Amino acid sequence: MTARTEGSARTEGSARTDSADRADRADKVLTPEEVVGQLRSGMTIGIGGWGSRRKPMALVRALLRSEITDLTVISYGGPDVGLLAAAGRIRRLVAPFATLDSIPLEPHFRAARERAAFTLTELDEAMFMWGLHAAANRLPFLPVRAGLGSDVMRVNPELRTVTSPYGDGEELVAVPALRMDAALVHLNRADRLGNAQYLGPDPYFDDLFCEAADAAYVSCEQLVETAELAKAGPPQSLLVSRHSVTGVVECPNGAHFTSCAPDYARDEAFQKLYAATPWTEFSARFLSGASEHDYQSAVRTWHEEQQ
């Protein structure tokens, strides 16, 4: 399930830890273009958030403005998957679903899947989570009960089971680690060192994505001083720590059109437009610009036209 061998993952993980230790106190602020400049075709990319909620859409759009392709994408899928699939950038997708929440099935994902544009590894939601845990802890797999007795084992014949070495002898699914070359996540607030905070009702699994990857890039609604993070919410809201972050990007409205509670709700009107518009037409109007500013301007213009 992972794109890496165990030996290379151990070496890369150690190198990343050393690099992170050296950079712990460094200013990690980047632009979306600088983040994408550190990515390459053929990589395994994890994308945080859940469905159409708090997705790092500005970073995904920056990826679309590049020539990067042939990606393995690991995601609780939403429009991030839809955009990349429609643009032909995905070689393989590892996901438990691809949804827009208020629209049950992501339409551009569905269209790409129906024309067999990429390979799909579909996991149970819990299996996916434990795959992230395994990768975050640099384990090759974790044994779980999730998936037993379901068609997950049938549609993923490469999955294996293990037998408990203790007296119970229970058979469990060996969920492989979901290791990544890079992770992209979006949080409400962050400081310049890479500490990041969620202020909404759900942390999703953004911390696991960052810890499971060799490099992690956090976009945020607002960069603040470190002391301000402690004032904005309780300690448990400080979801992502600087030791697991490679770069930070300030992107106001950077999760659009997904939600980023409490900063803003999902742009339901625009999401409906996205879902109903042919890809070539949508991308020509909203994604053909040279920057995130061009995208945000195009969205504002569209909203003005609806009044």
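Three exercises with worked solutions follow.

The model is predicted, so local features need pLDDT of at least 70 and side-chain atom pairs count only at pLDDT 80 or more, while totals for chains, interfaces and linings use all residues. Residues are numbered from 1 along each chain as its sequence is written, and side-chain values use heavy atoms, with hydrogens and water left out.

**Exercise 1.** Determine which residues of helix H10 are buried and what they pack against.

*Solution.* In H10, residues 268-276 (helices being DSSP runs of H or I, at least four residues), the buried residues (under 20% relative accessible area, 1.4 Å probe, protein chains only) are Phe-270, Gln-271 and Tyr-274. Seen down the helix axis, these fall within an arc of 100° (taken from axis-to-C-beta directions), so they line one face of H10. The face turned away carries Lys-272 and Ala-276, which are exposed (over 50%). The buried residues pack against H4, H5, H11 and H12 (contact meaning heavy atoms within 4.5 Å).

**Exercise 2.** Describe the surroundings of Glu-106, which is buried.

*Solution.* Glu-106 is in the loop between strand E3 (a DSSP run of E, at least two residues) and H5. Glu-106 has no salt bridge (Lys or Arg side-chain nitrogen within 4 Å of an Asp or Glu carboxyl oxygen), and the nearest side chain of opposite charge, Arg-110, is 9.8 Å away. The Glu-106 side chain does, however, reach the backbone nitrogen of Phe-109 at 2.9 Å. Beyond four places in sequence, Glu-106 touches residues including Pro-79, Leu-100 and Tyr-274.

**Exercise 3.** List the residues that Leu-83 touches, not counting those up to four places away in sequence.

*Solution.* Leu-83 touches Met-57, Val-60, Leu-64, Tyr-274, Trp-279, Phe-282 and Leu-287.

Notes:
Lys, Arg positive; Asp, Glu negative; His and termini not counted. Polar contact = N/O pair within 3.5 Å; in protein donor to acceptor, adjacent residues only side chain to side chain.
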